[in-house]
Amino acid sequence: MWGELMNLETFCLLDATDMAELIKKKEIKSNELLDLSFQQLEKMNPSLNAIVHTRFERAFSEAQNMEHTSTSFMGVPMLLKNISQSVKGEPMTAGSALLKENVAKLDSHFVAKLREGGSLFIGHTNTPEFGLKNISEPAYYGPTRNPWNLEYSSGGSSGGSAAAVAAGIVPVAGASDGGGSIRIPASFTGLVGLKPTRGRTPVGPGVGRQWQGAAIDFVLSRSVRDSAAMLDLLQVVQPEAAFQTPLFPGSYINEMKKRWKKPLRIGFSKNSPVGTPVSEEAKLTVEKTMKWLEVQGHFIEEKEPDVNGVELMRNYYLMNCGEMAALIETLEKSLGRIITSEDIEIESWMLKEAGQSVTAAEFTASLAAWDTAAAQMADYHKTYDLFITPTTAYPAPRIGELTHSDKQQDRLQQEISSLGKHEQQQLIYEMFLPSLTYTPFTQLANLTGQPAISLPVHVTSEGLPIGVQVMAPKGREDVLLKLAFLLEQSNLWAQRKWE
């Protein structure tokens, strides 16, 4: 049916599963889907600034030479994130002017696995420098805007991918999540944003730890079934990886359609784990979801885990400091020169400066705190199958709202060099606090290694989406996807269709 009627409007209505099925049935060709994807890109990207690099000719050439099989996403156009998701011969800048000449020498393992599934890569999406922020406003490329309202951010660090999927340019896009970077933009743009269990999907080569296990690559999608099918494709036990999780024995696509064997016990909280304010709109996402779950027959209870959120965030930032100091040192060796504050953005510089004062003992102790939190969450899940919160404490911020002014940058740069290491860590916390106030809920799952998903269940009175977050024990993405699939069929689902 769709093949005969395919135009730009219908293209934007389809998910990746639909597109792959049309190709299998020979109702449409992959180059026709690519053409429609590029039409939508040319129509939407000038206002969104979601895509920073395209590969028109190579994508069409790959489509022409593709050996068509029954793989999950055969011939489906897809975008990748401009950090960690490298394609051989293509630029990989991580949102930084410092890497403007960098060209990938090989496909990442993640990209290679996507190729096996038949995806056609049409380009790379915008991301903040080194993926460090919850908005995508890099100085080198400029801000990515939200398709729901161009005055607002699409979030970060996978903000370019979120904007592209929400705007109908592609049905699914590569993303990564080290502190909420899949779930935050999913909340801000009305998408499905799953962060899998630590070790579930391919990493590297060369970056097997990815922020000591906090970060993981996956996708942003418009449909639950696309996320489930992607997890079926991407789950792997990778021998060289630092972290591994056992393969799910069944199919996520099949499992999500099954009925519950018994009612779930679900804990929830509407309070920020770091004591910051939470908007009434965010609280409403939880209230609506819990009422719906109660009607479905599940047991719900307002109960927070016994985790010190402020201390956990301090340890998270300490890790960021150490990681950034190590990255800059590696880049200096590669470039053969000293990197100065003129080369990188203020957040990168601040983390690098503070990281140079972090001792090995302090870094090790910070990681031990992650393990403590993981044990506390494991204990929580002995009683509760799921833990539900808002995904974000507010809908999307305005463009520029969370970007430091020149005056603020000058002050921060002067202060960081004059402080002792403990005062430096406090300054780092204060620097990120305005951003953390928007997004205090997502980091927990990164540090414990649990899967978590953001689902679009609410649109504010101002017309902006905001999501609800569901966390499950390690290895239980199947429970998240089953719940998501049921919610997707309910009247709570709040996605917008784009033409």
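Let me start with S84, which sits in the loop between β2 (77–81) and α6 (109–116). Keep in mind that this is a predicted model. S84 has a positive phi of about 70 degrees, although it is not a glycine. Most residues other than glycine have a negative phi, and most peptide bonds are trans. Is S84 buried or exposed, or something in between? Its relative accessibility is 26%, so S84 counts as partly exposed.

Now to the loop between β7 and β8, where I will spend some time. Q212 lies in this loop. Q212 is not a glycine, yet its phi is positive, at about 60 degrees. With 18% relative accessibility, Q212 counts as buried, because buried means under 20%.

A215 is found in the loop between β7 (192–195) and β8 (216–221) as well. A215 has 18% relative accessibility and therefore counts as buried. Which residues does A215 contact, if we leave aside its neighbours within four places in sequence? They are D177, G178 and Q210. For a residue further off, take L412: 197 residues separate A215 and L412 in sequence, and their C-alpha atoms are 27 Å apart in space.

T201 is also in the loop between β7 and β8. The relative accessibility of T201 is 3%, so T201 counts as buried. Residues up to four places away in sequence are not counted in what follows. T201 touches P196, I216, D217, F218, L231, L234, V236 and Q238. One of these contacts, D217, is 16 residues from T201 along the chain. The C-alpha atoms of T201 and D217 are separated by 6.6 Å.

The β7 to β8 loop also holds P205. A cis peptide bond joins G204 and P205, with omega about 5 degrees. Where else is there a cis peptide bond? One joins G156 and S157, where omega is about 5 degrees. S157 is found in the loop between β5 (149–153) and α7 (159–166).

Next, helix α9, residues 224–234. How many of its 11 residues are buried? Nine are, so to speak of this helix as mostly covered is fair. The buried residues of α9 are V224, D226, S227, A228, A229, M230, L231, L233 and L234. Two of these, L231 and L234, were on the list of residues that T201 touches.

M230 brings us to the core. In soluble globular proteins, nonpolar side chains tend to be buried together. The largest nonpolar core here has 91 residues. Which of its members touch the most other members? I169 and M230 do. Again without residues up to four places away in sequence, I169 touches F11, S37, Q40, L41, M44, I51, L79, I122 and A164. There is a second, separate core of 48 residues, which includes F130, M377, L427 and M471.

On to the aromatic residues. A pair of aromatic rings is described by the distance of the centres and the angle of the planes. A search of the whole structure finds 11 aromatic pairs. I will show two. F248 and Y252 are stacked, 4.4 Å centre to centre, with 20 degrees between the planes. Both of these residues, F248 and Y252, are buried. Y316 and Y317 form a tilted pair, 5.8 Å centre to centre, with 50 degrees between the planes. Y316 and Y317 are both buried too. They also belong to a cluster: ring pairs link W211, Y316, Y317, Y429 and F432.

Y429 has a charged residue over its ring. R314 lies over the face of Y429, at 4.5 Å from the ring centre. Likewise, R198 lies over the face of F243, at 5.6 Å from the ring centre.

Last, a helix pair. Helix α12 covers residues 309–335 and helix α13 covers residues 346–355. Their axes come within 7 Å and cross at roughly 95 degrees. How should we describe that arrangement? Angles from 65 to 115 degrees count as roughly perpendicular, so α12 and α13 are roughly perpendicular to each other. The contact is made on the α12 side by Y317, N320, C321, G322, M324, A325 and I328. On the α13 side, S348, L351, K352, A354 and G355 take part. Y317 therefore has two roles in this talk, as a member of the ring cluster and of the helix contact.

Definitions and conventions
Residues are numbered from 1 along each chain as its sequence is written. This is a predicted model: local features need pLDDT of at least 70, side-chain atom pairs count only at pLDDT 80 or more; totals for chains, interfaces and linings use all residues. Side-chain values use heavy atoms; hydrogens and water are left out. A nonpolar core is a set of buried Ala, Val, Leu, Ile, Met, Phe, Trp, Tyr and Cys residues joined through side-chain atoms within 4.5 Å. Buried means under 20% relative accessible area, exposed over 50%, partly exposed in between (1.4 Å probe, protein chains only). Contact means heavy atoms within 4.5 Å. Rings of Phe, Tyr and Trp (its six-membered ring) pair if their centres lie within 6.5 Å; planes under 30 degrees apart count as stacked, over 60 as edge-to-face and the rest as tilted. A charge sits over a ring if NZ of Lys or CZ of Arg is within 6 Å of the ring centre and within 35 degrees of the ring normal. Axes are lines fitted to C-alpha atoms, for helices over the stretch in contact, and angles run from 0 to 180 degrees between N-to-C directions. Helices (H or I, at least four residues) and strands (E, at least two) are DSSP runs, numbered from the N terminus. Angles under 35 degrees count as roughly parallel, over 145 as roughly antiparallel, 65 to 115 as roughly perpendicular and the rest as oblique.
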